[in-house]
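Trainee: Could you choose a single part of this model, look at it closely, and then work outward to whatever surrounds it? I would like one connected account rather than a list.

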Number of protein chains: 2
Amino acid sequence: MPLPRQVFVAVIGAGGVGKCFLAQLSSLAQSLSQSPAAPTYLSLIYLSTSKKALLHADYKSQQLSSWESELQASSTAPLPPPQLADYLVKAPGKVILVDNTSNQEVADSYPLFLKKGISIVTPNKKAFSGSYKLWEDIFNVASNGTGANGLGAGGYVFHESSVGAGLPVIVTLKDLIRTGDEIRKIEGVFSGTMSFLFNSFQPTNGGGGKFSAEVKKAKDLGYTEPDPRDDLNGLDVARKLTILARIAGLKVESPTSFPVQSLIPKELESASSGDEFLSRLPEFDGQMDQLKADAEKEDKVVRFVGSIDVQNGDVKVGLEKFDKSHPIAALKGSDNIIAFYTKRYGDNPLIIQGAGAGGDVTAMGVTGDLLRVLRLIR
Amino acid sequence: MPLPRQVFVAVIGAGGVGKCFLAQLSSLAQSLSQSPAAPTYLSLIYLSTSKKALLHADYKSQQLSSWESELQASSTAPLPPPQLADYLVKAPGKVILVDNTSNQEVADSYPLFLKKGISIVTPNKKAFSGSYKLWEDIFNVASNGTGANGLGAGGYVFHESSVGAGLPVIVTLKDLIRTGDEIRKIEGVFSGTMSFLFNSFQPTNGGGGKFSAEVKKAKDLGYTEPDPRDDLNGLDVARKLTILARIAGLKVESPTSFPVQSLIPKELESASSGDEFLSRLPEFDGQMDQLKADAEKEDKVVRFVGSIDVQNGDVKVGLEKFDKSHPIAALKGSDNIIAFYTKRYGDNPLIIQGAGAGGDVTAMGVTGDLLRVLRLIR
């Protein structure tokens, strides 16, 4: 009979995803503590935003019900990564660091945490889509890698939510590879914003609005970044493609080392604000209407997709035309879709589809990864 | 630095799935033995068909390259489950039993193996879709359960390939539940045979053949059981629904304890052979054509689906009409599709789609489960 155990959890970030994660952590901690066979007690020993932190020198657990008011009342500044690592490594048990930020500085310090035996779960794309050197530094020290086993003896690292939020994309790709399948191509719609924009701009059953109007609508609905150019430049999709391509074995140097089509007209790249950009975007609706008409002539629709041709080592992001009956064309709302073409699955790919953004589903991927680490550490 | 370790593997069944699994095991054993951080040596200490077996009293590993000829030359009879358990439990290390049969007797003995600390991976639906008592006996003793933790302290048990072959169906459902999502409905096409039949009988773009002709074509292509009635009775789909419903928390007594629509006309239930059945099936094409016409009037198509309404506790299998733009209608070839409607995913479900039958993809699910057990056992 396994003994009860205590595992320490540190959380950086309490924004949209962070808040949802903390709510899920609270339920999980309760259910794990009541497990009839082998209870696990999760202790929250660190919680920080960019401005404040909660921690106790004696590693006393933070109440998960009252973190919000206590954090507000706190006058403690967050610890820089090296000091945080020193604090966590002295905790009397295994530690899992949950990074719910999209911060590059935190991402850069993953190798440091992992080396000290601290495991990491995160939706932060920066660590896995930045320089290839950081990727190597992480997986050379982590106990789990992208292949059948990890190379190192440090902590475990999981980042399911860095692609497709809670959709089982990374776990599926790794299972295909580990069981010996041969990945030929990965193709899909990887951005909820781009999905929404093109599903409304050119629905399969006709109609749809002007492109600039759809961008404005998406912004009003909260589907875009504050400056919509941060979605339209394609970099978010390029980062996700970089992650999947690397897992599939391609040595992709950075998310700017392959062709990425930006939907920002050259003339508007230097617009001084998102609002100025939006106000001038209608000038370019004619170009987008032309694309739509060209696709319609072939009975197709335009979609913004990413694709990885694993066999030829080609990665690219941009507009493509699809038959109206193609699963990528038939996507609804702001859903993501990811198709894996492999040797075993042949011409009909393995497809995963559903919401690829949002606090709750992103946090779910993080919580799922936390459970994965809990099963692996003893 | 973890030490090298040896894990013992016993395999029952060397048919279509079994052969593919043994080929995958051979590659996996090689790659795991070369892992730079912590090599794992897999030893095949038992392999049997319904007639013959290979085993060594001293647990010497069977060569994975020559099992076929050696099994042919063997004069050893397979061990009945109790004796097999006695043999395996004395192996000098952890043991994983791979059941690649669809045998009820083997399934009935899972609790015995698990109790002795032997882990099980299998595509065999019988153990998980038979009596509810067997389900309880298995998960009361297994170290992993359907919830966050298992109840017992025995071996681990995984059966991803029992639903949708290698598609990540069960792992995804468990992750949704464990991270605290609320499953509302599960709906899909769970049979490659039924998928093929209806995708050809009533394609979304019109046309399609007579139902009896499509059944005959499916049989000629090897997509049906030797007697097609074993597909058309809906029991295979009912078994898969039983498994998913139980994981979702419904106490489904058996695959015959909820409504299952059989596509075998009453008059042909007692036909003496599959051939006689096929020769008389055209008499009933009129009924099927009527269904097709009725659906067409509503601009819909007919599909054979299973659904689980988790909130109301309703499980059912049978024909339903779908809008032509619905993902279930748009399915291709013999693909499966499974849609999870949950609280977090809202109206747009999480969808998994792809080949749900075939030796290689079924074996892949088994190999993936084997890797899962290898990560859990020490």
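Mentor: A helix here is a DSSP run of H or I that is at least four residues long, with helices numbered from the N terminus. The model is a predicted one, and the part I would choose is helix α8 of chain B, residues 170–178, which holds B:T172. With a relative accessible area of 4%, B:T172 counts as buried, because the cut-off for that word is under 20%. Leaving aside residues up to four places away in sequence, B:T172 touches B:F340, B:L350 and B:I352 of its own chain, and also A:P168 from the partner chain.

The cover extends along the helix, since 8 of the 9 residues of α8(B) are buried. They are B:I170, B:V171, B:T172, B:L173, B:K174, B:D175, B:L176 and B:R178, a list in which charged residues stand beside aliphatic ones. In an α-helix, residues three or four places apart point the same way, because there are 3.6 residues a turn. After α8(B) comes B:G180, whose phi is positive, near 95°.

Two of the residues that B:T172 touches, B:L350 and B:I352, lead to strand β11 of chain B, which spans residues 350–355 and is joined to β11(A) by 3 bridges in the antiparallel sense. B:I352 is itself the bridge partner of A:I352, so that a residue touching B:T172 also takes part in the strand pairing between the chains. On the other side of that pairing, β11 of chain A is largely enclosed by the rest of the structure, because 6 of its 6 residues, 350–355, are buried. Within chain A, β11(A) is joined by 6 bridges to strand β10, residues 335–342, which runs antiparallel to it, and in this pairing A:A339 stands opposite A:I351.

Following these pairings outward gives an open, antiparallel sheet of 10 strands, ordered β9(A)-β8(A)-β7(A)-β10(A)-β11(A)-β11(B)-β10(B)-β7(B)-β8(B)-β9(B). The β9 strands of chain A and chain B, each covering 314–323, stand at the edges with a single partner strand apiece, so one side of each has no neighbour in the sheet. Averaged over this sheet, and with direction ignored, neighbouring strands are turned by 20° against each other. Towards the chain A edge, β8(A), residues 300–309, pairs with β9(A) in the antiparallel sense over 10 bridges, one of the matched pairs being A:I308 with A:V315.

Helices lie across the sheet in each chain. In chain A, helix α12, residues 235–247, lies across β7, β8 and β9 and runs at about 40° to β8(A). In chain B, helix α14, residues 285–297, lies across β8 and β9, running at about 90° to β8(B).

The contact of B:T172 with A:P168 also belongs to a wider meeting of the two chains, in which 50 residues of chain B are in contact with 49 residues of chain A. About 3900 Å² is buried between them, with carbon and sulfur atoms giving 56% of that area. On the chain B side, B:R344, B:Y345 and B:M364 supply 15% of the area that this chain buries against chain A, more than any other three residues do. Across the interface there are 2 salt bridges, and the side chains of A:D175 and B:R372 meet in a salt bridge with an N to O distance of 2.4 Å.

Away from this region, the UniProt record, an unreviewed entry, places the feature "domain: Aspartate/homoserine dehydrogenase NAD-binding" at residues 13–144 of chain A. That span is 45% helix and 15% strand, and its end C-alpha atoms lie 24 Å apart. Chain A also has an open sheet of 6 strands, in the order β3-β2-β1-β4-β5-β6 and with mixed pairing. Its edges are β3 (53–55) and β6 (157–158), each with a single partner strand, so one side of each is left without a neighbour in the sheet. Strands β4, residues 95–99, and β5, residues 119–121, run parallel in chain A and are joined by 3 bridges, with A:I96 matched to A:S119.

Conventions: Residues numbered from 1 in each chain as written. Chains lettered and ligands numbered in written order. Predicted model: local features only at pLDDT ≥ 70, side-chain atom pairs only at ≥ 80, totals over all residues. Heavy atoms only, no water. Pairing = 2+ DSSP bridges. Axes fitted to C-alpha atoms, helices over the stretch in contact; angles between N-to-C directions. Contact = heavy atoms within 4.5 Å. Buried area = accessible area lost by both parts, 1.4 Å probe. Salt bridge = Lys/Arg side-chain N within 4 Å of Asp/Glu carboxyl O. UniProt positions renumbered as here; feature names shortened; annotations may be inferred. Buried < 20%, exposed > 50% of the residue type's maximum accessible area, 1.4 Å probe, protein only.
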